[in-house]
Amino acid sequence: MESAEHPCVRHARQGSRMLRTLSIKNFVLMDDLTLDFSAGMCLLTGETGAGKSVLIEALAAALGGRVTLDMIRRGASRATIEATFVSPSDGAWPVALDESLQAEGLETAVENELTLSREITPRGSRCRIDGQLVTQTVLRQIGALMVDVVSQHEHQRLMVPAFQRELLDRYGRLLPQRQAVREAHARWTGLRTRLKELRQTSQTREQQGDFWRYQLREIEAAAVLDAHEEDALKTERLRLVHATDLRRVTESAYQGLYAGEQEPSAFDQIARYVQSLSEQSGHDPALEEACASLAEIQASLKEVATGLRQHLEGLEADPERLREVEQRLDTLGNLSRKYGPGLSEVLAHAGRLRENLANQESADTRLAELSEAVRASQADLVAACDALTAGRREAASVLEEALGQELRELELPRAKLVVQLTPNEGPAGWRADGAEQIEFLISLNSGESPRPLAKSASGGEMARVMLAMETVLAGLDRVPVLVFDEVDTGISGKAALAVAERLADLSRSHQVLCITHLPTVAAMADHHIHLEKRDDDVQTRVEATPLDEAGRIRELAALSSGSPHPAALQHAEALIAQAKRHKDSAGPRRATGSGPHSER
């Protein structure tokens, strides 16, 4: 259950609660534990080994982190962890979370509420978002948008160059410039791909072009205009080969039907019959009909004879023409064998050759146009990258200054953070995310060369570096829940007070979960949960108790001196009063995370 409201919770209402409930069953030493969290800074304390780190492990498991079988409580068949989040006070989830849920086709079962869960069994683990099975990758992706864990030993996101680039771009208000680069890069790569494909096609067509032109010249040289020319030539060849016999029989038929030079022709004989019958038709009307029929036959004979005479005139033995016909038939036969089987197919093939060659010419034009488009798009990409690089350099300078100030206030006076921009190598150095790689480097002592974050500091120093980054970037970092796991180890005095104040400041815009052993830090909490290990000689389990004001004072006294004696209690009350004064006096949050282009 949530504890009663403390006076110091009032300032936290400016922020918003995101992690509402964490339910753990059969996870290591936790058999059935449910924790409710409030807005602001939620503190977890307890003796070493009381289960604080196990609690963070359970939360990480629910967010898609690595799990092992030894996380299942002894004697249990499975372990389950559920983390329930509620949307901020304005009722809207972070934009990146909404986009990721939509991309995976996930919908929240309850409005303004989202539950991430993990079930660990000997057969493996099952990941769910609002009861819907998802992959561990999806659960981890969504979890990373909800919670960020800061510890002495690892930091889930600040160590990743891609995330450092994201932070720098958001700090410098450079997301529009980066989007312009992404769009220009997409156009450039798309045009380059099309150009490559067209070049490959053009190269193939060029290799075939000479062959196509050779074939077309061969067909055009033959001057084939009619698909039926070969049939006509074959008919003519037969006539030329048999011209003598054809002339003989044709002339004989002509003579017999009409000419009648040596004996009366059929035409002449019918003429005589017509005349004699006509003379007697007056005596017998039936003869008139016979005369009429013979007259028609006579006219037909004359017509046939006239045709034979005209045909006879063209029937001449012509060896030269026969050779021409034979040669033409050979030419057409060769074309038909190559491109046929007939002249219609030869003509169709010629049409295809002309089309291919025309396409090749137009492809050359398109190739030139596309090459110019690639050059123009590359110029646009270079210009967009240059603008983004310039913005990044400016943002890096301002960010370095802001982080340097934070590190000095956190008692790291010689620390210096460097945002290193390294140009991409090679001709394709322009990428969708810009023309350079970005990495955060730090030097903690005078004379040291800056090194990557993960290799540069002790646990206590690195914790303060990470806290400084979280403070500077808090206004930009949309991850709503920050978990600080003993980031104050190894510090005391002014450094401890500075860390405490920074955590309190962060809790104004984020929900902060903090594990600490420092009374100075613990005094800043808005909500305090004490973890304790219980052993009843049968099993050991972790219990969690929300503390009221009196309980907080006793716990801070124990953290200070080991026992709640009067002096320790008085000191605890003084620390809480000091914390309240800091939170009550805190004005609007500093604009350390506003970036170089904000109003100052």
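Me: What does the accessible surface of the chain come to, and what share of it belongs to carbon and sulfur atoms?
Reply: Happy to start there, and keep in mind that this is a predicted model. The accessible surface of the chain comes to about 30600 Å². The share belonging to carbon and sulfur atoms is 49%.

Me: How many helices and strands does the chain have?
Reply: Both kinds of element appear in the secondary structure of the chain. The count comes to 16 helices and 15 strands.

Me: What percentage of the residues in the chain is buried?
Reply: The chain has 600 residues. A residue counts as buried when its relative accessible area is under 20%. By that cut-off, the buried part of the chain is 44%.

Me: Among contacts between residues at least 6 apart in sequence, what percentage joins residues at least 24 apart?
Reply: Here we look at contacts within the chain, leaving aside pairs that are not at least 6 apart in sequence. Of the contacts that remain, the part joining residues at least 24 apart is 72%.

Me: Is Q164 buried or exposed?
Reply: Let's place Q164 first: it sits in helix α4, which covers residues 161-171. Not counting residues up to four places away in sequence, Q164 touches L158, M159, I438, E439, F440 and L453. Its relative accessibility is 2%, and the cut-off for this class is under 20%, so Q164 is buried.

Me: Are C42 and C385 buried or exposed?
Reply: C42 has a relative accessible area of 1%. C385 also has a relative accessible area of 1%. Since the cut-off is under 20%, C42 is buried and C385 is buried.

Me: How many disulfides does the structure hold?
Reply: A disulfide needs a pair of cysteine sulfur atoms within 2.5 Å. The number in this structure is zero.

Methods: Residues are numbered from 1 along each chain as its sequence is written. This is a predicted model: local features need pLDDT of at least 70, side-chain atom pairs count only at pLDDT 80 or more; totals for chains, interfaces and linings use all residues. Side-chain values use heavy atoms; hydrogens and water are left out. Helices (H or I, at least four residues) and strands (E, at least two) are DSSP runs, numbered from the N terminus. Buried means under 20% relative accessible area, exposed over 50%, partly exposed in between (1.4 Å probe, protein chains only). Contact means heavy atoms within 4.5 Å. Accessible areas come from the Shrake-Rupley method with a 1.4 Å probe; for residues, only the protein chains shown count as cover.
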